[in-house]
Amino acid sequence: MKKVMLLTAFLVNILIFSTSQAAETIVIENVVKDEKLAKQMSVAAATFLKSLSAEQLEETKLPYDDPARFDWNFTPRKRKGITFKTMSAAQRKVAMDMIRLVLSQEGYTKAEQIIDLENVLRVVETRPANDTYRDPENFAFLVFGEPGGDPWGWRVEGHHLSLHFSSIKGQITYTPSFMGSNPGNVMADVPQKGLRILKNEEDFAFELLQSLNEKQLEKAVIGSAAPNEMFTANSRKALLEQMQGIPMAELTASQKAVFKKLIMSYLQRYHVTLKNQQWSELEKSGLERIHFAWMGDQKNVIGSGHGHYYRIHGPTFLIEFDNTQNGGNHIHSVVRDMVNDFGEDMLRRHYEKAH
């Protein structure tokens, strides 16, 4: 009997060891996938830098710790970095290849459409074709550090588009990540008429809101009037005092499905590795703890005095969506990581291990 018990214990230990080894392999495989994308991103950035002249390189490449990395905005303004305006056709292609790599096809299409909306604004605002305020060529690229080094990163930024990527040891972060749309719904008589770049991000939110019963609405709606701008705006660190609204835990199964669909409408803008990485983090921190909060109109109406705002707020994750300007036809949306924007937490852990 004693021998049987010893044999059983030995077999159990083997099973535990094998299971832990299998789990480790899965983790290793995930790291390899991240490293593959990180390598591709560094090659794309290096290719872009090699295409530049010495003068262009000087304005495009900065040290990783340069303060410009945190100086981000989504308004029309003069920016550091090389813009499409001074690039050749070949340089524009490799620049856009950098964006294409880290976004999904859907996300890349949104980026292209946001850039093209500058042409729509020129028509709507009766500006000349060479206007520099509404300018599809005024989107700037910056590379921080040495592509493939630890750490390094890059960004592309212009009116209503601000994408930031950092990489350390095969890990990649992509926040803050801003996409906006003016108009939110193109109503002018132009080729883009009817275009709604952020359609799903808006419609799925209304679908969730309108599925709530009276008691749930009391929790979800935190204000009758929508703010004129996102609360975190372009702050270096995203900070809200508390999670408000209704948590996913208090939703029905069908409502949870819509809520997850809404969150995924943001995550699927990015490369599948980044999308899965973020969803895994949300699951670890607890999907049930993610809150949905609403302010403003509860129906999607365009007109003077109308507008709506919502946010999706978890322990470490924040999405804000604001559509209040231009009578509720001018959208700002942002994805933030409460601890790891600009790769800050990743960088901190990297230096802690180094010491």
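**Aromatic pairs, packed helices and unusual backbone in a predicted model**

Modeller: Tyr310 and Phe321 are both buried in this model, which is predicted.

Biologist: How many aromatic pairs does the structure hold?

Modeller: There are 15 aromatic pairs. In one of them, the ring centres of Phe292 and Tyr310 lie 5.9 Å apart, with the planes at 40 degrees.

Biologist: Why is the pair of Phe292 and Tyr310 called tilted?

Modeller: Two rings pair if their centres lie within 6.5 Å, and planes under 30 degrees apart count as stacked, over 60 as edge-to-face. The 5.9 Å between Phe292 and Tyr310 meets the distance limit, and 40 degrees fits neither of those two classes, so the pair is tilted. The pair also links distant parts of the chain, since Phe292 belongs to strand S10 (residues 291-296) and Tyr310 to strand S11 (residues 308-313), 18 residues apart. Phe292 and Tyr310 are both buried.

Biologist: What makes the pair of Tyr310 and Phe321 stacked?

Modeller: Here the centres are 4.9 Å apart and the planes stand at 10 degrees. Because 10 degrees is under the 30 degrees that bounds the stacked class, the pair of Tyr310 and Phe321 is stacked. Tyr310 in strand S11 is thereby linked with Phe321 in strand S12 (residues 317-323), 11 residues apart.

Biologist: Which residues form one aromatic cluster with Tyr310?

Modeller: The cluster consists of Phe206, Phe259, Phe292, Trp294, Tyr310 and Phe321.

Biologist: Why is helix H7 called oblique to helix H8?

Modeller: Helix H7 (residues 253-267) packs against helix H8 (residues 272-285) at about 140 degrees, and the axes are 10 Å apart. Roughly antiparallel requires an angle over 145 degrees, and roughly perpendicular covers 65 to 115. The angle of about 140 degrees falls in neither class, so H7 is oblique to H8. The crossing of H7 past H8 is right-handed.

Biologist: Which residues make the contact of H7 with H8?

Modeller: H7 contributes Lys260, Ile263, Met264 and Leu267, while H8 contributes Lys275, Gln278, Trp279 and Leu282. By class, the residues of this contact comprise five nonpolar, one polar and two charged.

Biologist: How do you know whether Ala238 is buried or exposed?

Modeller: The relative accessibility of Ala238 is 2%. Buried means under 20%, so Ala238 counts as buried. Ala238 sits in the loop between strand S8 (221-223) and strand S9 (246-247). Leaving aside residues up to four places away in sequence, Ala238 touches Thr232, Leu318, Arg336, Met338 and Asp341. Ala238 and Val339 are 101 residues apart in sequence, yet their C-alpha atoms are 8.2 Å apart in space.

Biologist: How do you know whether Thr126 is buried or exposed?

Modeller: Thr126 has a relative accessible area of 71%. Exposed means over 50%, so Thr126 is exposed. Thr126 is placed in the loop between helix H4 (105-124) and S3. Thr126 is not a glycine, yet has a positive phi of about 45 degrees.

Biologist: Where is Asn326, and what is its phi?

Modeller: Asn326 is in helix H9 (residues 325-328). Its phi is positive, about 55 degrees, although Asn326 is not a glycine.

Biologist: Which residues does a cis peptide bond join?

Modeller: One such bond joins Asp150 and Pro151, with omega about 0 degrees; Pro151 is in the loop between strand S3 (140-144) and strand S4 (152-158). A cis peptide bond likewise joins Asn182 and Pro183, where omega is about 0 degrees. Pro183 lies in the loop between strand S7 (177-181) and helix H5 (199-211).

Conventions: Residues numbered from 1 in each chain as written. Predicted model: local features only at pLDDT ≥ 70, side-chain atom pairs only at ≥ 80, totals over all residues. Heavy atoms only, no water. Axes fitted to C-alpha atoms, helices over the stretch in contact; angles between N-to-C directions. Helix = DSSP H or I, 4+ residues; strand = E, 2+ residues; numbered from the N terminus. Parallel < 35°, antiparallel > 145°, perpendicular 65-115°, else oblique. Left-handed = near helix turned anticlockwise from the far one by under 90°. Contact = heavy atoms within 4.5 Å. Nonpolar A, V, L, I, M, F, W, Y, C, P; charged D, E, K, R; others polar. Phe/Tyr/Trp six-rings, centres within 6.5 Å; stacked < 30°, edge-to-face > 60°. Buried < 20%, exposed > 50% of the residue type's maximum accessible area, 1.4 Å probe, protein only.
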